Amino acid sequence: MLLLDAGTGLRRLPELLGNRPFNGTVLLTHLHWDHVQGLPFFGSGDRFDATVNLLIPAEDAQTNAEQLLARMMSPPFFPIAPSQLRGDWTFGTLPTGAFDVEGFHVAMAEVPHKGGRTVGFRVNDGRSSMAYVPDHCPTAFGPGPDGLGEYHPAVLDLVDGVDLLVHDAHLRAEEVEAEGSFGHAAAEYAVRLGARTGVGRVALFHHRPERDDTEVDRTLCRFADGPVPVIGAEEGSTLSL
Ligand SMILES: [Zn+2]
Ligand SMILES: [Zn+2]
C-alpha cells in the first residue's frame, strides 16, 4: 500500500480497504495543510494493528519528521501529537534520489511551490507509471515560452513518458498574470507539459476550491481536441493504467 499525500481523502480509506488496517507507506510532497490534514483522521492507520511508514521532504537538519508534523498536530491545535496515533508508526524524511518502497520504484524531484520544500513523485510498478505533481509554481523560474511558466528540467525528467500525469491545475491561463506567483500552475501548463513529454493521459488536479463540477468541466472543454487525453481528477475515481 502506497499513499501519496495525506489530505482529507484519507477518511475514505476504511471503506476502500474493507475495514482492514493500513500496512504501508505514505509519501508527502510537502507539509501544507491540504496535504496533511487527513492524518489526524486516518482511521485505517490510527488503529493498533496498523503499520504506517510516513516520509516527508527534509526541511532542515535540526528538525526531524515527527517534530515537523507535530507543529500542526499537537495541542492547542489538535488534542494529540503524531506519536500518540495508535499502531506502529515510523516518521522519516524522503531519501534523496530514487528509491524502492512497497514494491514500487519511486523517483522524485524538487519543484518550485511556495513556503517550504515541495517535491513531485514518479511511481513505477514495473508495468506502468504515473507522476504526481500536485503543487507546482512554474512561473517561479520565469514566464517560459508561453507565459505559463518554465518547462524546467526537473519536472520534464520526472514526468517524461508516464502513462498518467496528475498535475496541479489550480489556475486557468488567464489567471496566471495576476495569481501565478501564489504557488500554483494553470491547467494549460499541465496539459502542455504532458504533451511535450509524451505522457499517456493528464489528470487535472488540485482544482481551485471555488470550482464546482460544472466549472471543472468547463476547464476540460478547452482540451477536448488537444494532443493528449485530459481528465478532471475527482473524488472516488479509479483509474486503470
Ligand atoms: Zn501547497
Ligand atoms: Zn496543495
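A search of the whole structure, which is a predicted model, turns up six aromatic pairs, where rings of Phe, Tyr and Trp (its six-membered ring) pair if their centres lie within 6.5 Å. A pair of this kind is described by the distance of the centres and the angle of the planes; planes under 30 degrees apart count as stacked, over 60 as edge-to-face and the rest as tilted. Take Phe 41 and Phe 78: with centres 5.6 Å apart and planes at 85°, the pair is edge-to-face. The two rings link distant parts of the chain, 37 residues apart, with Phe 41 in the loop between H2 and strand S3 (51-56) and Phe 78 in the loop between helix H3 (65-70) and strand S4 (88-93). Helices (H or I, at least four residues) and strands (E, at least two) are DSSP runs, numbered from the N terminus. Phe 41 is partly exposed, at a relative accessible area of 48%; buried means under 20% relative accessible area, exposed over 50%, and partly exposed in between (1.4 Å probe, protein chains only).

Tyr 151 and Tyr 189 make a stacked pair, because their centres are 4.6 Å apart and their planes at 10°. This pair, too, links distant parts of the chain: Tyr 151 is in the loop between strand S8 (129-133) and helix H4 (153-159), Tyr 189 is in helix H6 (residues 187-196), and 38 residues separate them. Tyr 151 is buried at 6% relative accessible area, and Tyr 189 is buried at 0%. Tyr 151 also has the charged end of Arg 196 over its ring, 4.1 Å from the centre. The criterion here is NZ of Lys or CZ of Arg within 6 Å of the ring centre and within 35 degrees of the ring normal. Arg 86 does likewise with Phe 48, its charged end sitting 6.0 Å from the ring centre. Elsewhere, ring pairs join Phe 22, Phe 42, Trp 89 and Phe 91 into a cluster.

Now for the metals. The zinc ion (ligand 1) is coordinated by His 30 (NE2), His 32 (ND1), His 113 (NE2) and Asp 135 (OD), at 2.1 to 2.5 Å. Donors are N, O and S atoms within 2.8 Å of the metal (3.2 Å for Na, K and Ca), and water is not among the atoms, so sites may look incomplete. Of these donor residues, His 30 is buried at 1% relative accessibility, while His 32 is partly exposed at 24%. The spacing of the donor residues in sequence reads H-x1-H-x80-H-x21-D.

The zinc ion (ligand 2) has Asp 34 (OD), His 35 (NE2), Asp 135 (OD) and His 206 (NE2) around it, at 2.1 Å. Asp 135 thus shows up in both sites, bridging two zinc ions that lie 3.4 Å apart. Angles among the four donor atoms run from 86 to 171° for the zinc ion (ligand 1), an irregular site. For the zinc ion (ligand 2) they span 87 to 167°, which makes that arrangement irregular as well. (Four donors count as tetrahedral if all angles lie between 85 and 135 degrees; four count as square planar and six as octahedral if opposite donors are over 155 degrees apart and all others between 65 and 115; anything else is irregular.)

No disulfides appear (pairs of cysteine sulfur atoms within 2.5 Å). Cys 137 is buried at 3% relative accessible area, whereas Cys 221 is exposed at 59%.

Residues are numbered from 1 along each chain as its sequence is written, and chains are lettered from A and ligands numbered from 1 in the order in which they are written. Local features need pLDDT of at least 70 and side-chain atom pairs count only at pLDDT 80 or more, while totals for chains, interfaces and linings use all residues; side-chain values use heavy atoms, with hydrogens and water left out.
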